[in-house]
Amino acid sequence: MTRHTLLLLGLFCLFWLVGLRIDARTGIEQQALLGVATWVFLALALWREPAAIRFQVAVLVGVATTLECLGSIVWGAYTYRLGNLPLYVPAGHGLFYLVALRTASLPWLLRHARAVAYAVAAAATLWMVRGLAAPPLPDLLGFVTWAIFMRFMIRGRYPLLYALSFVLTMALEFYGTSLGIWRWSPLLPGLWLPAGNPPTGVGAGYCAMDGLTRRIVATVAKARVRRRAARAAT
């Protein structure tokens, strides 16, 4: 299981290192092919996972896609290079979440979960402070999202998962924005809140999406139990 998780993590990193660089230099047709490849990758990665994990990832994909449409297409907080929502983005969220879940279950990381959480929280704080001091405008969105991240790290149930998600998210954000695949608006539309490119605490997004996903999964599970109880009673 450990080797399988490390292989999945390695393939995931390689896929995005190559895939985003290809997307930066191609048109809509090639981007669609990358999207198909991402969905195939996700399907293969989920093939041997338990049904509960597959359902959890599917719910996360739905949650993330909804937020992507609202944040990018409707609100314009960030925009993708071609002005669309690339086909690989929803599947990419599913892959990202699966990799984070699997990586957070590695025995070595579990034994050092507290140290990892403290290190990531400290690094995130230093990076947030830098964002506030960096010209031309303070990264206030980074500060807000950092505060959300710290709330999850202090009071959340899965600090190791949140820490790993934060690190993976920031790595992907730095890479994607450096290639020009997507770009954050310097001022959030409507709120006029200054934001970095990327915001320093944007990794908190997966903490929030994980929490919402688990709530939806728990609600569905309770509804199934009630239906079964009702059928048994009749």
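The exercises below work through a predicted model, each with a task and a stepwise solution.

**Exercise 1. The largest pocket**

Task: Describe the largest pocket by its volume, by the residues and elements that line it, and by the classes of those residues.

Solution: Begin with the volume, which for the largest pocket is about 950 Å³. Next, take the lining, which is made up of 36 residues, and pick out those nearest the centre of the pocket, namely Glu-68, Tyr-78, Trp-184, Val-202 and Met-209. Then turn to the secondary structure: the elements that give two or more residues to this lining are the helices α1 (2–23), α3 (51–74), α4 (88–103), α7 (140–155), α8 (159–179) and α9 (204–233), together with the strands β1 (78–80) and β2 (182–184). Finally, sort the lining by class, which gives 28 nonpolar, 6 polar and 2 charged residues.

**Exercise 2. Salt bridges and the parts they link**

Task: Find how many salt bridges the model has, and state for each pair where its residues lie and how far they are covered.

Solution: The criterion is a side-chain nitrogen of Lys or Arg within 4 Å of a carboxyl oxygen of Asp or Glu, and by this rule the count comes to 3 salt bridges.

Step one takes Arg-81 and Asp-23, whose side chains meet with an N to O distance of 3.4 Å. This pair links distant parts of the chain, since Arg-81 sits in the loop between β1 and α4 while Asp-23 belongs to helix α1, 58 residues apart. Arg-81 has 31% relative accessibility and therefore counts as partly exposed, whereas Asp-23, at 2% relative accessibility, counts as buried.

Step two takes Arg-102 and Glu-49, for which the closest N and O atoms are 2.4 Å apart. Because Arg-102 lies in helix α4 and Glu-49 in the loop between α2 (28–46) and α3, this salt bridge ties together parts that are 53 residues apart in sequence. Both Arg-102 and Glu-49 are buried.

Step three takes Arg-214 and Asp-210, which form a salt bridge with an N to O distance of 2.9 Å. Here both residues lie in helix α9, 4 residues apart, which is about one turn of the helix. Arg-214 is partly exposed, with a relative accessible area of 24%, while Asp-210 counts as buried because its relative accessibility is 1%.

**Exercise 3. A nonpolar surface patch**

Task: Identify the residues of the nonpolar patch on the surface, and decide whether its member Val-74 is buried or exposed.

Solution: The patch consists of Leu-67, Leu-70, Ile-73, Val-74, Trp-75 and Leu-191, and together these residues have about 600 Å² of accessible area. Val-74 is located in helix α3. The class of Val-74 follows from the cut-off, as exposed means over 50% relative accessible area; Val-74 has 63%, so Val-74 is exposed.

**Exercise 4. Backbone geometry in the loops**

Task: Locate the cis peptide bonds that involve Pro-136 and Pro-198, and describe the phi angle of Trp-192.

Solution: Start with the bond that joins Pro-135 and Pro-136, which is cis with omega about 0°; Pro-136 is placed in the loop between α6 (113–133) and α7. Continue with the bond from Asn-197 to Pro-198, also cis, with omega near 10°, where Pro-198 is found in the loop between β2 and α9. Trp-192 likewise lies in the loop between β2 and α9, and although Trp-192 is not a glycine, its phi is positive, at about 55°. With a relative accessible area of 59%, Trp-192 is exposed.

**Exercise 5. Sequence separation and spatial separation**

Task: Set out the separations in sequence and in space for the pairs Gly-10 with Val-99 and Ala-221 with Pro-107.

Solution: For the pair formed by Gly-10 and Val-99, the residues are 89 apart along the chain, and their C-alpha atoms are separated by 9.7 Å. Gly-10 belongs to helix α1 and is partly exposed, with a relative accessible area of 37%. For the pair formed by Ala-221 and Pro-107, the separation in sequence is 114 residues and the C-alpha to C-alpha distance is 28 Å. Ala-221 is part of helix α9, and its relative accessible area of 36% makes Ala-221 partly exposed.

Key:
Residues are numbered from 1 along each chain as its sequence is written. This is a predicted model: local features need pLDDT of at least 70, side-chain atom pairs count only at pLDDT 80 or more; totals for chains, interfaces and linings use all residues. Side-chain values use heavy atoms; hydrogens and water are left out. On a 1 Å grid over the protein atoms alone, a cavity is a set of points where a 1.4 Å probe fits but cannot get out, and a pocket is an open set with protein on both sides within 12 Å along at least five of seven lines; lining residues have an atom within 4 Å of a point. Grid points are joined across faces, edges and corners, and a volume is the space filled by probe spheres set on the points. Ala, Val, Leu, Ile, Met, Phe, Trp, Tyr, Cys and Pro count as nonpolar, Asp, Glu, Lys and Arg as charged, and the others, Gly among them, as polar. Buried means under 20% relative accessible area, exposed over 50%, partly exposed in between (1.4 Å probe, protein chains only). Patches are made of residues with over 30% relative accessible area and no salt bridge: like charges are joined within 9 Å, nonpolar side chains (Val, Leu, Ile, Met, Phe, Trp, Tyr) within 5 Å. Accessible areas come from the Shrake-Rupley method with a 1.4 Å probe; for residues, only the protein chains shown count as cover.
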